[in-house]
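Subject: Structure handover

Hello,

Here is the structure I promised to pass on. Please open it alongside this note; my findings follow below.

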Amino acid sequence: MHREFPAKASLASQLNLRVPVMSAPMFLVSGPELVVAACKAGIVGAFPTPNARPIEVLDEWMKTITEQLERAKDEQDPSTIGAWCANTVTHSSNTRLQDDLKLITKYKPPMVVTALGSPKPVIEAVHEYGGIVIADVISMKLAEKAAAGGADGLACICAGAGGHTGHLSPFAFVSAVREFFDGHVIVGGGISDGWGVAGAIAAGADLVYMGTRFIPTFESMADQAYKEMLVSCTSEDLLVSAGITGSYASWLKPSLRANGVDPDNMPAAPERSYDSNRSLGARRWKDVWAAGQGVGSIKAVEHVSDVVNRLEAEWLAARSRFGMFTG
C-alpha cells in the first residue's frame with residue numbers, strides 16, 4: 001500500500017525546534033532543570049508527573065518551568081525556545097490522575113503525553129486550551145486503540161528503548177503506523193545521535209524521543225553514580241525484563257547486581273501499580289537503573305546545550321548526505 005505522508009506544517013517548526021528531538025520524560029530523572037535546559041537549547045523538554053510527589057510538588061515544578069521559560073524569552077530569541085511537555089499516567093491504578101489534570105489545565109503545557117493507559121481521560125481538557133495529546137504505545141494494538149481514541153499523535157516506543165520498552169523495530173513500527181494514521185508520530189528506541197534522528201524522520205516520524213542520551217547531563221536528576229555507569233557501559237550491559245516493575249524494561253546489569261538482583265535469575269513479574277499518590281519510599285525499582293541501546297555512544301557527562309549542539313551538527317550533516325542520492 002502506498003503511504004501518503006501528511007501534508008501539514010512540520011511539528012518541529014510548530015514547536016520551535018532546532019532539531020526534531022524530545023528529551024523523553026524519564027522516571028526519577030527528568031525534572032524542572034532538565035526540562036528548562038532542553039527547551040532553552042531548542043528541543044522539547046518533558047517530564048513525568050509521577051516524579052513530583054506529593055501533588056503540591058507537581059504544582060511547584062510546573063510553576064517553576066513556566067516562569068523560567070517566560071524569563072528565558074527576555075534572554076534569547078523566543079523563537080529558539082522549544083516547547084515543554086508533561087507526561088501523565090492514565091493507568092487505572094493511578095488515583096492522582098484527576099489532580100494531575102487540574103494542574104495541566106492550570107499551566108497549559110503545549111504537549112501532554114499519556115502513558116500506560118488510554119489518552120481519552122485527558123483529551124478534552126488539553127484540547128480546550130489548544131494543547132496536543134500524544135499517546136505512548138508499545139505495540140500495533142495499542143497504537144490502533146490510541147488513534148481510535150482521538151490522540152493527536154503516537155509515541156512509538158520501540159525495541160532498544162530504555163526504561164519501559166517495546167519490541168518492534170523503529171522502522172517497522174513507523175511504517176505500519178503510517179498505513180492508518182496521519183497524525184503526529186514520535187519514535188523512540190536506541191536513537192542517540194543526529195544521524196539516527198535523520199533516519200527516523202526520513203522513515204515517516206515527526207519527532208524522535210531521546211532518553212538515555214540526556215540522563216548523563218548535569219541538569220538531570222539522576223544520581224552521579226548512574227551517570228558514570230552510563231558512560232562506562234555498552235549495549236552488552238543491558239537486560240530486558242518484566243521482573244522489576246511488571247512491565248518489560250531495559251535495565252543496566254551492573255545496577256541490578258548492585259541491588260541484589262541476579263540478571264541471570266530475574267524474579268517473576270510483580271503486579272503492576274502506577275499510583276502517583278503512593279510514596280516512592282523503598283519501592284524495589286527506585287534504585288535500579290535503566291538505559292537504552294544507544295548507551296554505548298555516551299562518552300562523558302555533559303550539559304544539555306552541548307548535547308543538542310552536537311545533535312544539530314549531526315542532523316544537518318545527515319540531511320546534506322541525502323543530497324548524494326538526488327539529481
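Which residues have the most contacts inside the largest nonpolar core? They are Leu 154, Phe 214, Tyr 226 and Leu 252, in a core of 58 residues. Helix 11, residues 304-322, gives the most to this core: six residues. A second core stands separate and has 26 residues. Met 62, Ala 86, Ile 104 and Ile 123 are among them. Please keep in mind that this is a predicted model.

The general background is familiar. In soluble globular proteins, nonpolar side chains tend to be buried together.

Take Tyr 226 as a way into the first core. Setting aside neighbours within four places in sequence, Tyr 226 is in contact with Val 29, Ile 215, Leu 252, Trp 289 and Ala 290. Leu 252 appears here again, as one of the residues with the most contacts inside the core.

**Parallel strands**

Start with strand 8, residues 184-188. Five of its five residues are buried. Both faces are covered. His 184, Ile 186 and Gly 188 lie on one side, Val 185 and Val 187 on the other.

Which strands does strand 8 pair with? Strand 6, residues 153-157, runs parallel to strand 8 and is joined to it by five bridges. Within that pairing, Gly 153 has His 184 as its bridge partner. Strand 9, residues 207-210, also runs parallel to strand 8, with three bridges between them. There, Val 187 stands opposite Val 208. To get from strand 8 to strand 9, the chain passes through helix 8, residues 194-203. This β-α-β crossover is right-handed.

**An antiparallel sheet**

Now look at strands 7, 11 and 10. These three form an open sheet in the order 7-11-10, with antiparallel pairing. Strand 7 (163-164) and strand 10 (238-241) are the edge strands, and each pairs on one side only. Strand 10 and strand 11, residues 249-252, are paired over four bridges in the antiparallel sense. One pair to find on screen is Leu 239 with its bridge partner Trp 251 in strand 11.

As a reminder, strands of a sheet pair through backbone hydrogen bonds, either parallel or antiparallel.

**Asn 51**

Is Asn 51 buried or exposed? It counts as buried because its relative accessibility is 9%, and the cut-off is under 20%. Asn 51 sits in the loop between strand 2 (44-48) and helix 3. Its side chain makes polar contacts to backbone atoms. A polar atom of the Asn 51 side chain lies 2.7 Å from the backbone nitrogen of Leu 28. The backbone oxygen of Ser 30 lies 2.7 Å from a polar atom of that side chain. Residues up to four places away in sequence aside, Asn 51 touches Met 26, Phe 27, Leu 28, Val 29, Ser 30, Trp 61 and Met 221. Val 29 is also a contact of Tyr 226.

**Salt bridges**

How many salt bridges are there? The count comes to nine. Three pairs deserve a look.

- Glu 75 and Lys 40: their side chains meet at 3.7 Å, N to O. Glu 75 lies in the loop between helix 3 (55-72) and strand 3 (84-89), and Lys 40 in helix 2 (residues 32-41), so the pair ties together parts that are 35 residues apart in sequence. Glu 75 is exposed at 58% relative accessibility, while Lys 40 is partly exposed at 33%.
- Glu 70 and Lys 73: this salt bridge is 3.4 Å, N to O. Glu 70 is partly exposed at 48%, and Lys 73 is partly exposed at 40%.
- Arg 96 and Asp 100: the closest N and O atoms are 2.7 Å apart. Arg 96 is buried, with a relative accessible area of 0%. Asp 100 is buried too, at 0% relative accessibility.

There is also a network. Arg 213, Glu 302 and Arg 310 are joined into one by salt bridges that share partners.

**Where to look**

For a quick tour, begin with Tyr 226 and its contacts, including Trp 289 and Ala 290. Then move to strand 8, with both its faces covered. Next, find Asn 51 in its loop. Finish with the buried Arg 96 and its salt bridge partner Asp 100.

Best wishes

How values were computed
Residues numbered from 1 in each chain as written. Predicted model: local features only at pLDDT ≥ 70, side-chain atom pairs only at ≥ 80, totals over all residues. Heavy atoms only, no water. Core = buried A, V, L, I, M, F, W, Y, C linked by side-chain atoms within 4.5 Å. Buried < 20%, exposed > 50% of the residue type's maximum accessible area, 1.4 Å probe, protein only. Helix = DSSP H or I, 4+ residues; strand = E, 2+ residues; numbered from the N terminus. Contact = heavy atoms within 4.5 Å. Salt bridge = Lys/Arg side-chain N within 4 Å of Asp/Glu carboxyl O. Polar contact = N/O pair within 3.5 Å; in protein donor to acceptor, adjacent residues only side chain to side chain. Pairing = 2+ DSSP bridges. Right-handed = clockwise from strand over helix to strand, strands pointing away.
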